Amino acid sequence: MAAAVIDALRRFLPAHVREHRHAMGGAQRRAVWASTHCRSAEMGGHLHACDPCGKREFHFHSCNHRSCPQCGKDATAEWVELQLAKRVGAPYFMVTFTLPEELRPLFSTPQAKQIHQLFFAAASSALSDTLANPRWLGAATSGFTMILHTWNQRLHFHPHIHCIVPGAGIDATGRVVRVKNANFLVPQPALRSVFRARFRDGLAALAKEHELPDIDPAVWSKDWGIHLQ
């Protein structure tokens, strides 16, 4: 699979870049360059030699870029093992935050980094505060893992954040609290409303400092894609 991805990039990317010269940012160009030159002469290499038998093998260097499909496998496995070691004795949930398509052009602006940070901050604070609500979990202190995905299965730009959330936390008195129902974490409408409000307020503050694209006001009254599983 990794080789297929790199072969596709090497075959089709040059023409794409010629036609859409400004379609990629600096970080994307560095990732693509590293992936397409990984384990090639551009990276150099080293020679393994065995004096007793005289055998010699030359290996090109890997790029070690975090986006490279050839280099990320071992690091991913190590990361998964580390996360598994942090598990607590409670049901786990996956919460997904998705931004409406009207807001996606924001990720193509010079303020893309701030937009990503706002996305994480709005999702994190909305989830933390909803978990802290005494009507639900009542966890004054909670923890979760957040992972950004920027594409859907059809390879369309579709920024969303997956959160792995334990159904447990610590209340204001220091007592461990757990969900009463293994199939229920928090109500989706409540979480959606808080997330939408946090992103809207954060975007308004950012717009005071930077020139951003016009946003259709109707986006703040539509249903946002929040999914709990």
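## Charged pairs, a hairpin and two cores

Student: Which side chain does D201 meet in a salt bridge?

Tutor: Keep in mind that this is a predicted model. The distance for this pair is 3.4 Å, N to O, which falls within the 4 Å cut-off. D201 is partly exposed at 47% relative accessibility, and its partner is partly exposed too, at 36%. That partner is R200.

Student: How many salt bridges does the structure hold?

Tutor: The pair of D201 and R200 is one of them. Another joins E57 and K55 at 3.3 Å, N to O. The total for the structure is six.

Student: With K55 at 52% relative accessibility, does it count as buried or exposed?

Tutor: The cut-off for the top class is over 50%. K55 has 52% relative accessibility, whereas E57, its salt-bridge partner, has 35% and is partly exposed. Since 52% is over 50%, K55 counts as exposed.

Student: And D223 and R192, which meet in a salt bridge: how many residues apart are they?

Tutor: Their side chains meet at 3.8 Å, N to O. D223 sits in the loop between α5 and β8, while R192 belongs to helix α5. D223 is exposed at 58%, but R192 is buried at 15%. The pair links distant parts of the chain, with a separation of 31 residues.

Student: Which residue takes a positive phi in the hairpin of β1 and β2?

Tutor: Strands β1 (residues 45–49) and β2 (residues 56–60) pair in the antiparallel sense over five bridges. One of the partnerships is between G45 and F60. Six residues lie between the strands, and the one with a positive phi near 80° is G54.

Student: Which element gives the largest share of the largest nonpolar core?

Tutor: This core has 35 residues, and those with the most contacts inside it include F97, F195 and L203. The elements giving two or more residues to the core are β3, α4, β5 and α5. Eight residues make up the largest share, and they come from α4.

Student: Leaving aside neighbours within four places in sequence, which Trp is L203 in contact with?

Tutor: L203 is among the residues with the most contacts inside the largest core. Its contacts beyond those neighbours include L103, L106, I115 and L118. Also on that list are L212, I215 and the Trp you asked about, W220.

Student: How many residues are in the second, separate core?

Tutor: Among its members are A34 and C38. C63 and C71 belong to this second core as well, and its residue count is five.

Definitions and conventions:
Residues are numbered from 1 along each chain as its sequence is written. This is a predicted model: local features need pLDDT of at least 70, side-chain atom pairs count only at pLDDT 80 or more; totals for chains, interfaces and linings use all residues. Side-chain values use heavy atoms; hydrogens and water are left out. Buried means under 20% relative accessible area, exposed over 50%, partly exposed in between (1.4 Å probe, protein chains only). Helices (H or I, at least four residues) and strands (E, at least two) are DSSP runs, numbered from the N terminus. Two strands pair if DSSP finds at least two bridges between them. A nonpolar core is a set of buried Ala, Val, Leu, Ile, Met, Phe, Trp, Tyr and Cys residues joined through side-chain atoms within 4.5 Å. Contact means heavy atoms within 4.5 Å.
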